[in-house]
Amino acid sequence: MSRASTNENADHTGGSTPEGWSPDSWRGRLDPQQVRYTDRDAVQRASDKLRSLPPLVTSWEVERLRSEIAQAQAGGRFVLQGGDCAETLADCRGDLVANKLKILLQMSLVLVHGLKAPVTRVGRFAGQYAKPRSSPTETRAVGGAQVTLPSYFGDLVNEAGFSERERAPDPHLMVRGYQHAAMTLNFIRSLVEGGFADIHHPEYWDLRFMEHAGLSDERRAQYRAMSQTLADGLRFMEALGEKSVEDLTRVEFYTSHEGLNLIYESAQTRQVPRKDGWFDLTTHLPWIGERTRALDGAHVEFFRGIRNPVGVKVGPKAEPSEVLELIETLNPSNEPGKLVLISRLGASNVQGALPALVGAVRDAGKRVLWMSDPMHGNGITTDSGVKTRSFDSILEELERVIDVHAEAGTVLGGVHFELTGEDVTECVGGASGVREEDLGLNYASPCDPRLNYAQSLELAFLLSGKLGG
Ligand code: PEP
Ligand code: CO
């Protein structure tokens with residue numbers, strides 16, 4: 001039996017704080033990704049500072065997202081989550097932030113059109129600065145000698161450069177991360193408030209990928225027809241004049257990041273007037289990664305106690321019983337909108353793993369939002385050692401996941417992508433034709449490869465066609 005289910009007084013509105021939980025009750029529990037800071041006083045100073053700074057998001061926004069997730073669970077809405085694998089402090093630039101927001105908004109319009117349902121946009125940015133690593137250290141040959149240093153754990157923890165100084169975990173980076181998340185969010189909020197006029201008109205989108213010679217005539221015709229009806233539909237809504245397109249698409253925009261560094265998360269976790277419970281106000285939707293979702297681990301302990309909706313990545317080795325225990329621990333009162341399960345299986349594992357997982361959750365009557373992350377199970381390394389993913393495997397995973405949910409009578413309520421609004425060459429394939437030999441042209445990610453602008457938009461067209469089908 002899980003810890004949380006021993007709480008017989010569990011409030012079925014989900015508002016109460018679980019027994020034995022506090023913002024610090026995770027301390028001392030197993031954390032396979034624990035950051036080894038050496039200067040304890042500096043950690044204390046950084047967390048005191050974070051505690052004193054205003055929250056990045058509000059509890060009202062968090063609650064609104066929870067209710068949107070509840071709608072998505074029931075099939076009345078779709079969630080589009082996307083952004084960098086590892087956001088960097090240096091990428092806190094107006095053009096990059098605006099382009100990321102643009103691609104997510106454009107994709108969401110394509111999805112709204114295909115699904116005929118509202119879409120909630122969740123950025124994997126404004127705080128996606130902490131990265132789990134498969135090894136705590138990295139060894140490189142430097143000047144003929146083998147040098148071993150701590151791995152790069154993201155800009156919230158240390159720096160990517162390979163020197164002792166850069167790789168030493170620096171507690172002050174938590175404050176810098178907070179500041180950059182705040183600057184990013186400030187700009188996003190202004191863009192969203194001001195309306196992004198050109199977003200709503202596909203004639204202003206960069207649709208050059210549709211002209212690529214590698215695209216079949218059938219797909220080209222399909223994409224053109226979709227963008228035409230989308231443009232017509234938006235123009236029609238505008239012509240009605242009752243509500244401008246900007247109003248209709250006024251962005252409910254939310255942020256998310258992997259809640260990896262619990263010192264950072266707990267320092268911004270607080271109670272708010274006239275509401276029960278504790279809110280992690282660094283972001284609307286924190287998630288627990290595949291490597292840190294152990295039932296008795298620090299992350300599950302921390303995230304079981306907060307009022308935010310919480311995501312959990314679920315890889316191909318997850319057993320149905322394990323997933324049911326996670327659900328019981330993280331959402332003992334079966335509250336709608338609280339829990340998001342993000343399957344990330346790899347295209348070839350979907351049929352073997354997903355039916356049992358979705359079947360077990362369905363049969364237990366548990367309310368979760370199933371999302372698909374078709375990125376993290378489909379990583380490959382080229383012969384020359386470059387990490388990439390193929391557009392076709394990403395699409396294949398999505399298609400298989402959609403089919404499994406359709407067969408099980410369950411709802412796929414969202415998708416989770418690593419993407420950017422830039423013209424990078426990190427993933428291969430798609431109509432715009434990035435080949436293995438092109439990967440060096442503009443590979444900018446410090447971590448996993450992202451879909452570029454054209455690949456992201458094309459995927460939205462394909463997904464919209466399949467889901468709307
Ligand atoms: C990620 O989302 O970047 C990530 C590390 O994912 P996962 O935990 O699914 O491996
Ligand atoms: Co990643």
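**A friendly note on strand S9 and its surroundings**

1. A good place to begin is strand S9: Val 310, Val 312 and Val 314 point one way from S9, Gly 311 and Lys 313 point the other way, and all are buried. Put as a count, 5 of the 5 residues in S9 (residues 310-314) are buried, and the strand is mostly covered. Please keep in mind as you read that this is a predicted model.

2. Next, the strands beside S9. Strand S8 (residues 285-288) pairs with S9 in the parallel sense, over 2 bridges. Strand S10 (residues 339-343) and S9 also pair in the parallel sense, over 5 bridges. To find these pairings on screen, try Val 312: this residue of S9 is the bridge partner of Ile 288, and its bridge partner in S10 is Leu 341.

3. How are these strands linked by helices? S8, helix H9 (residues 298-303) and S9 make a right-handed β-α-β unit. S9, helix H10 (residues 320-330) and S10 make a right-handed β-α-β unit too.

4. Leu 341 is worth a second look, as it also belongs to the largest nonpolar core. That core has 108 residues, and those touching the most other members are Phe 209, Leu 341, Phe 417, Leu 451, Leu 457 and Phe 461. Helix H3 (residues 94-115) supplies the largest share of this core, 10 residues. Another core lies apart from it, with 12 residues, including Leu 65, Ala 72, Leu 369 and Met 371. As general background, nonpolar side chains tend to be buried together in soluble globular proteins.

5. Which residues does Phe 461 contact, leaving aside its neighbours within four places in sequence? They are Val 110, Leu 207, Phe 209, Met 210, Tyr 223, Met 226 and Ser 227. Phe 209, in this list of contacts, is also named with Phe 461 among the core residues that touch the most other members.

6. Now to ligand 1. The residues around this ligand include Lys 313, Trp 287, Gly 289, Glu 290, Arg 344 and Cys 85; Lys 313 is one of the buried residues of S9 met in the opening point. Three polar side chains come with distances to an oxygen atom of ligand 1: a polar atom of Arg 291 lies 3.2 Å away, an N or O atom of His 376 is at 2.9 Å, and an N or O atom of Glu 418 is at 3.0 Å.

7. Thr 184 sits in helix H5 (residues 172-194). Is Thr 184 buried or exposed? It counts as buried because its relative accessibility is 2%, under the 20% cut-off. Its side chain reaches the backbone oxygen of His 180 at 2.7 Å. Beyond its neighbours within four places in sequence, Thr 184 is in contact with Glu 87, Cys 92, Val 97, Ala 126 and Tyr 129. Ser 52 is 132 residues away along the chain, and its C-alpha atom is 20 Å from that of Thr 184.

8. Finally, two loop residues for anyone checking the backbone. Arg 274 is not a glycine, although it has a positive phi of about 60 degrees; it lies in the loop between strand S6 (269-270) and strand S7 (279-280). Asn 334, in the loop between H10 and S10, also has a positive phi, of about 55 degrees, and is not a glycine. Arg 274 is exposed, with a relative accessible area of 83%, whereas Asn 334 is buried, with 16%.

Definitions and conventions:
Residues numbered from 1 in each chain as written. Chains lettered and ligands numbered in written order. Predicted model: local features only at pLDDT ≥ 70, side-chain atom pairs only at ≥ 80, totals over all residues. Heavy atoms only, no water. Helix = DSSP H or I, 4+ residues; strand = E, 2+ residues; numbered from the N terminus. Buried < 20%, exposed > 50% of the residue type's maximum accessible area, 1.4 Å probe, protein only. Contact = heavy atoms within 4.5 Å. Polar contact = N/O pair within 3.5 Å; in protein donor to acceptor, adjacent residues only side chain to side chain. Core = buried A, V, L, I, M, F, W, Y, C linked by side-chain atoms within 4.5 Å. Pairing = 2+ DSSP bridges. Right-handed = clockwise from strand over helix to strand, strands pointing away. Near = heavy atom within 4 Å.
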